[in-house]
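Please take a look at the model below. The report that follows walks through its chains, sheets and helices.

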Amino acid sequence: MKEIVVLSGKGGTGKTSITASFAALGAKQMVLADCDVDAADMHLLTAPEAILAEDFYSGKEALIKTEGCVHCYKCIKACHFDAISVINGDFVVDPMECEGCSYCFHVCPTRTIEMNSRLAGKFYVSKTRFGNTLVHARLGIAADNSGKLVTKVREEAKKIAAEQHSEYILVDASPGIGCPVVASLTGAHFVVLVTEPTVSGIHDLERVYEVIEKLKIKTGCIINKVDINREMANKTKDFLKEKGIPLLGELPYDHQFTKAITIGKTVVEYDDGVIKALIESSWKKVKELVDKI
Amino acid sequence: MQIAIASGKGGTGKTTLSVNLATLLSQQISENTTILLADMDVEEPNSGLFLKGELLHSEVKYRMVADWDEKKCTFCERCANICEFNAIAYLGISVMVFPELCHSCYACSDLCPEDALPMIPRRMGELKEYKLTDRLFFMESRLDIGVEQATPLIEQSRKHIKKSNAENMIVIIDAPPGTSCPVIEAVKDADIVLLVTEPTPFGLHDLTLAVDTMQELKKNIAVVINKYGIGNREVEKYCADKQIPVIGKIPNLKEAAMMYSKGEILVDSIPEIRTEIDNIYQNIIKLTKPKQ
């Protein structure tokens, strides 16, 4: 079982459209995992039916009980996140600011502070309209700990893939280079980078590739909207060559992508011509490279 | 005044709106006002690709993390038991601190009976300030590759702006995508948050998440629809339903996509877009006017 992560650095390059297309093409072989837990969109194209939905708790948050508090200010002095304030004479924790470090809990002389586990989001296992399993999640409003939720989604996907003897786990990751991205990548077998030939696209590709290089994961790249700027597309190819990253495909800028999304379909179901053929060929290349690992 | 430009979904046009709004304002605002554009998408900062200026100031940003002092440690294991972030491993004959996991809460350091866990600075990125014209300034914070926590750098950058925020300055924040801690930190001081979206089911879905987040933060919000003309009308219906003002519709033009790909400013060459961005600013003024 091999884990393939679709990644982009920059948002809006077509990552989810391409991941969902791969899922439509290879559904029987894979478990899907939507690790863009901040803004998960995979379910919009795969129309999943929930098999399991459960609350996801992660980290802690402090609560100061009014009874017992002797107003000694020790908690306020201890807190490095300015999360505790005095409101109408009561010491109150702002859950939005509380980091869950328990420092206040340890210094409270009257044991008036309790640390409760924090509801950080929801976690789902669903069956897609392609017949395969999708593991996805929804981070709570203004919640922290997206990295931990990503890890939870991947672990669950791995378990299910083992049970179902799936060949692949296909992961849709979030944009950026920080904690949720690293949580999506660590220990994966292969990365499919999706980029666009713009100054921002190249800039973000170079940064995210540095992260991948550090983790030593084999990588291929798809250039989407390749005809927007041929010069930038050539620059992107030069970068790929320099780094020895195989080019998995070049897709044109085409309204078929948006049209497909608008009716809740993947572009390979909507288009039966050039784009479908190009994405099929990319998926074939991905599988060839992954099967060699 | 501080205007934050955010979005749930990435790639909807936050940077395009930020750089073009900043440029337009710097060209037409009254004489004693300056514009500061601050790129707070520290993981992938892009505004600087569109704006070239003279470097005024540069500083390395650090955050404090725990460090183990072997000589003072008596191996009582208290630190490892206190840490809620699994950043300290007690191995019997030594203690290991994982700085990437440390949340800089100081609990282990302050509560260690032997003072064996001093807090030391750890580099996380760089903040740079540029002058583009007498009226337009640009600030960028950039997270080092390999650093996972973006929020502490955003917090320091926000405080840096707060400290230097002059009376007659309009601050425009280019925020990170998403709905979690980085964007929440970036918009904290904003008087209004513009949520940029595109008229597609992805755009709508991620917009609803961003709206929920901003409403939880009790922020004054308005929506800008970019790539207007593609997709469908569902974003407009949603905004009408929720009574969220749509203060701009930036048309989907191939010419704009071309110029964006080269790192060029749109308001100087595409009149349609200039008019729409000016319109967005007039609406911001109306929405941020103190109520009588």
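## Domains of the two chains

In this predicted model, the centres of domain 1 and domain 2 of chain B, taken over C-alpha atoms, are separated by 40 Å. Domain 1 of chain B covers 2-61 + 125-288, and domain 2 of chain B covers 68-117. Chain A is likewise split into domain 1 and domain 2. In chain A, 42 Å separate the two domain centres, again taken over C-alpha atoms. The table sets out the bounds and the distances.

| Chain | Domain 1 | Domain 2 | Separation of centres |
|---|---|---|---|
| Chain A | residues 2-47 + 128-292 | residues 59-119 | 42 Å |
| Chain B | residues 2-61 + 125-288 | residues 68-117 | 40 Å |

## The sheet of chain B

Chain B has an open sheet of nine strands. Their order is 3-6-7-2-8-1-9-10-11, and the pairing is mixed. Strand 3 (54-66) and strand 11 (246-251) of chain B form the edges. Each has a single partner strand, so one side of each lacks a neighbour in the sheet. Neighbouring strands of this sheet are turned by 20° against each other on average, direction ignored.

Look at the strand 11 edge. Strand 10 (residues 221-228) of chain B runs parallel to strand 11 of chain B, and four bridges join the two. One bridge partner pair here is B:Tyr228 with B:Pro251, the latter in strand 11 of chain B.

Helices lie across this sheet. Helix 6 of chain B lies across strand 1 (2-6), strand 9 (192-197) and strand 10 of chain B. Helix 6 of chain B runs at about 165° to strand 9 of chain B. Helix 9 (residues 271-288) of chain B lies across strand 1, strand 9, strand 10 and strand 11 of chain B. The angle of helix 9 to strand 11 of chain B is about 170°.

## A helix pair in chain B

Helix 6 of chain B also meets helix 7 (residues 234-242) of chain B. Their axes come within 9 Å and cross at roughly 25°. That angle is under 35 degrees, so helix 6 of chain B counts as roughly parallel to helix 7 of chain B. The crossing of helix 6 and helix 7 of chain B is right-handed.

Helix 6 of chain B brings B:Gly203, B:Leu204, B:Leu207, B:Thr208 and B:Val211 to this contact. Helix 7 of chain B brings B:Glu234, B:Val235, B:Tyr238 and B:Lys242. By class, the residues of this contact are five nonpolar, two polar and two charged.

## The sheet of chain A

Chain A also holds an open sheet of nine strands, with mixed pairing. The order is 3-6-7-2-8-1-9-10-11. Strand 3 (49-64) and strand 11 (247-250) of chain A are the edge strands, and each pairs on one side only. From one strand to the next, the twist averages 20°.

At one edge, strand 3 of chain A pairs with strand 6 (residues 113-127) of chain A. The two are antiparallel and share 13 bridges. A:Leu52 stands opposite A:Val125, which lies in strand 6 of chain A.

Helix 5 (residues 146-164) of chain A lies across five strands of chain A: strand 2 (30-34), strand 3, strand 6, strand 7 (133-139) and strand 8 (168-172). Helix 5 of chain A runs at about 165° to strand 7 of chain A. Helix 11 (residues 274-292) of chain A lies across strand 1 (2-7), strand 9 (190-195), strand 10 (218-223) and strand 11 of chain A. Helix 11 of chain A runs at about 175° to strand 11 of chain A.

## A helix pair in chain A

The axes of helix 7 (residues 199-215) and helix 8 (residues 230-243) of chain A come within 9 Å. They cross at roughly 15°, so helix 7 of chain A is roughly parallel to helix 8 of chain A. The crossing of helix 7 and helix 8 of chain A is right-handed.

Helix 7 of chain A contributes A:Val199, A:Ile202, A:Leu205, A:Glu206 and A:Tyr209. Helix 8 of chain A contributes A:Met232, A:Lys235, A:Thr236, A:Phe239 and A:Lys243. The contact of these helices has six nonpolar, one polar and three charged residues.

## Where the chains meet

Between the chains, 50 residues of chain B are in contact with 49 residues of chain A. Helix 3 (107-111), helix 5 (181-186), helix 6 (201-216) and helix 8 (254-262) of chain B each supply at least two residues of the side of chain B that touches chain A. Helix 6 of chain B gives the most to that side, with eight residues. The residues on that side of chain B divide into 21 nonpolar, 20 polar and nine charged.

Conventions
Residues are numbered from 1 along each chain as its sequence is written. Chains are lettered from A and ligands numbered from 1 in the order in which they are written. This is a predicted model: local features need pLDDT of at least 70, side-chain atom pairs count only at pLDDT 80 or more; totals for chains, interfaces and linings use all residues. Two residues are in contact if their C-beta atoms, placed from the backbone, lie within 7 Å. Ala, Val, Leu, Ile, Met, Phe, Trp, Tyr, Cys and Pro count as nonpolar, Asp, Glu, Lys and Arg as charged, and the others, Gly among them, as polar. Two strands pair if DSSP finds at least two bridges between them. Axes are lines fitted to C-alpha atoms, for helices over the stretch in contact, and angles run from 0 to 180 degrees between N-to-C directions. Domain bounds come from an automatic or database domain assignment. Angles under 35 degrees count as roughly parallel, over 145 as roughly antiparallel, 65 to 115 as roughly perpendicular and the rest as oblique. A crossing is left-handed if the near helix is turned anticlockwise from the far one by less than a right angle, and right-handed if clockwise.
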